[in-house]
Amino acid sequence: MVKVSSAILGFPRFGPNRELKFLVEAFWAGKVTEEALLEGAKNLRKNHWQIQKDAGLTYIPSNDFSLYDHVLDAAVTYGAVPARYQVISGLTQYFAMARGIQQKTETSSVDLPSLPMSKYFDTNYHYVPTSLAPTTAPAAAAAAHSKPVKEFLEAKALGITTRPVLVGPVTFIELARWDLLPGVVKAFADTLDEPCLVLDLSPALKTAFHTAYSTLLPTHLAAAGASNPKLVVATYFEALRENLADVFVPAILPAVDGLHVDLVRTMESIEPVAHATEVVSAVGKAAKGGFQVSLGVVDGRNVWKTDLARALSWVEQVVKAAAAYPTITEIVVSSSCSLLHSPHSVEAEKTSNADKELVEWLAFAVEKVKEIVTISTAVTAGRDAVKAELADNARSVESRRTSTRIHNPAVAARIQNITKDMLARKSPYAKRRIVQASTLNLPAFPTTTIGSFPQTATLRKLRAQHRAGSLTTENYEQLLREEIAFVIKEQEALGLDVLVHGEPERNDMVEYFGELLSGVGFTSNGWVQSYGSRGVKPPIIYGDISRPAAMTVRWTAYAQSLTKQPMKAMLTGPITLLCWSFVRDDQPRSRTAFQLALAVRDEVADLEAARVTSAVGGPDRIRVIQIDEPAIREGLPLRRRMWEEYLLWAVDAFRLSSTGVADETQIHSHMCYSSFEDIRDAIVALDCDVLSIENAKSDMKLLLAPEPASQSLIGGYPNELGPGLFDIHTNRVPPESEMAERLSAVAAAIGDPARVWVNPDCGLKTRGWKETKEALSKMVAVAKAARSA
């Protein structure tokens, strides 16, 4: 008889009230000791394990917790530490790799930039790749195994047996951009995350899977004297497809005892039960016995309650199919992926000002654990054992399905009336460039920033007071106007050419707009980790989207009235609004994207039409509008066969949002922290006048690959381009010479100095004013030197 159990692949790290964020940031600021940091982290792990144990989960993960990033943790575990960081050690070394370090004492000096940052597959979670040279040997083999083992033993001391989770060896070398496979097949874990197994595998990656699991892993386990280890390979975010028969069965299956598959993210292209039974059949015929198949039936990346009746039906059908194969002895009900991508718990929303009807439709990590256990119990003990839970769930699912708030006929009519001429500018870039140069009258190598300026503790306190009602709207907005005036004066003093208002009114570049759109809900405590200590509170798109009123016009117009310099309006683009929200699952994502695009298009039109009464004799119009799209690469499907369809609607959505303006209006966009060289032609097709792009943190990756430089994004981009000159995720301020080298390389690659802009990598909201002013001052000096060269 097939056993049925329950598991998750990981739990959110932040804690119910972002305890980890505040603890880590206090450590960085020198306000708490290393001992206090580690003790606080230990308490969080204890609480998280207890939540899962109390819910009745069979398999509880460990080593899913991290002080910054689990891929960086794996690098330390595997000994994959770049040589330049080996002059320091411990947490100083760990955080230096993530954030950089700039320390001077009387006897020594350390100045190390951070490692790059990239998106974890198609999520908004950012990981840290170590990027070691192919010949680099593990630097800290003696320290390998430590974190997974320590946390396993830590849980065991609490009476909780866990399944340690670790980034699998092949996925690690792919993410870390490292090519020394033998050095990584030496770590302790029960679950090896191998999401790379769902990708279009290159011959090199196929060989790596064969080498790792057919040769190196068995040899290592035998040498270590491991007796009958139970290893599970976890895949997620897509289906295995041809990799099931071509790679998993021949190369991996003989060395492992279980396989996890994601049945949620593949629903649009593969029927879940058909997908699962294909897996069961393949492994059932070839497994050695005692094999476990784990089914990801609860969505780890969205916030809607699982339709338990539907998920239960899937599991029951798969259990029945598995019964035909004696080699399969266990089916595990699980989350589709780690719950890292979900907020902590809905409980906080029930006592907040959040939309009560919306809250009834939601399940966060704690609730998803309970859903998994409910499904497992229903299979093992019968549906009557969880009759009340199933009935409550059915009511919630039906309530959402039939709600009158979901559909808006006016929005549907607008979508229906989109025409081709709404997707193109009135004139080509070559003509627009001439008109814009005359209108804006900017110098060579014009300087600007990406949008946000430091969000100080004072600003955050004012926002909290306003939300709580202790600060009136009138007083709050007056204080915001004062902050905008301050930011403008600072930019003028620095000598920047195109200014921004600094975004003091915005809590987040996506959440701010979500709160002003119809069809979008938000939470009070629905935080999700984006990177390190940075959390975001994604909007929840539950229905058709429209813009009831202008969202940014009055703040931008006010800012323009205070300066003679051009003021750049700041908007978030439709694809980023889509990808960085929790999105409704009852219609295609493309339709939601076009709804968002129409809302942004309306805002762009109002910005362009606004008349500004200048207090200083400055421009009377807003002639520069930036529509950020950092997530356009993130939204790309993991399989190349699906790229064309996605890129067609993604590009059209951006163009719909941006093209309804006169030639005089300069449209900017911004992108960061992804492999944008993969979609260079699509980025060109966006046809924005100026593109600013992260460049410094990735150490000029966009310039250096591929060869020749003319085929890279930087070298091949036909319009104006601003590759970042300094990293904004660190308080390290690079010397002018470092920025000058970057600008020189960028200008040479672009080939036309008149098309080069000078800017940071990204927005400055997470930085302090001291390093912000110092870095921008050096950046402006570099631009001025380039003009006179």
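Which residues have the most contacts inside the largest nonpolar core? They are Leu67, Phe95, Ile575, Ile625 and Ile632, in a core of 131 residues. A nonpolar core is here a set of buried Ala, Val, Leu, Ile, Met, Phe, Trp, Tyr and Cys residues joined through side-chain atoms within 4.5 Å. Buried stands for under 20% relative accessible area, exposed for over 50%, and partly exposed for anything in between, with a 1.4 Å probe and protein chains only. The model is predicted, so local features need pLDDT of at least 70 and side-chain atom pairs count only at pLDDT 80 or more, while totals for chains, interfaces and linings use all residues. Residues are numbered from 1 along each chain as its sequence is written, and side-chain values use heavy atoms, with hydrogens and water left out.

Ile632 gives a good first view of this core. Leaving aside neighbours within four places in sequence, Ile632 is in contact (heavy atoms within 4.5 Å) with Ile575, Tyr646, Ala650, Met671, Phe676, Ile679 and Leu686. Apart from the largest core lies another, of 92 residues, with Tyr127, Ile160, Leu192 and Val298 among them. In soluble globular proteins, nonpolar side chains tend to be buried together.

The sheet comes next. Helices (H or I, at least four residues) and strands (E, at least two) are DSSP runs numbered from the N terminus, and two strands pair if DSSP finds at least two bridges between them. An open sheet is formed by 8 strands, in the order β1-β12-β11-β10-β9-β8-β7-β2, with parallel pairing. Its edge strands, β1 (3–7) and β2 (60–62), each pair on one side only. On average, neighbouring strands of the sheet are turned by 25 degrees against each other, direction ignored. Helix α8 (residues 242–252) packs on the sheet and touches β9 (232–234), β10 (258–262) and β11 (291–298). The direction of α8 makes about 155 degrees with that of β10; axes are lines fitted to C-alpha atoms, for helices over the stretch in contact, and angles run from 0 to 180 degrees between N-to-C directions.

At one edge, β1 is joined by 5 bridges to the parallel strand β12 (residues 328–335), where Ser334 is the bridge partner of Ala7. Strand β1 is largely enclosed by the rest of the structure, because 4 of its 5 residues are buried. At the other edge, 3 bridges link β2 with the parallel strand β7 (residues 162–167). Pro61 lies in β2 and has Arg163 in β7 as its bridge partner. With 2% relative accessibility, Pro61 counts as buried. Beyond its neighbours within four places in sequence, Pro61 has contacts that include Ile8, Leu9, Trp49 and Thr162.

A hairpin is formed by β3 and β4, with 4 residues between them. The antiparallel strands β3 (residues 101–104) and β4 are joined by 4 bridges, and Asp111 in β4 is the bridge partner of Gln102. Strand β4 (residues 109–112) has Val110 and Leu112 on a covered face, and Ser109 and Asp111 on an uncovered one.

Finally, helices α18 (residues 473–494) and α20 (residues 553–561) pack at an angle of about 45 degrees, with axes 10 Å apart. That makes α18 oblique to α20; angles under 35 degrees count as roughly parallel, over 145 as roughly antiparallel, 65 to 115 as roughly perpendicular, and the rest as oblique. Where they meet, Glu477, Leu480, Arg481, Ile484 and Ile488 in α18 face Arg554, Trp555, Tyr558 and Ala559 in α20.
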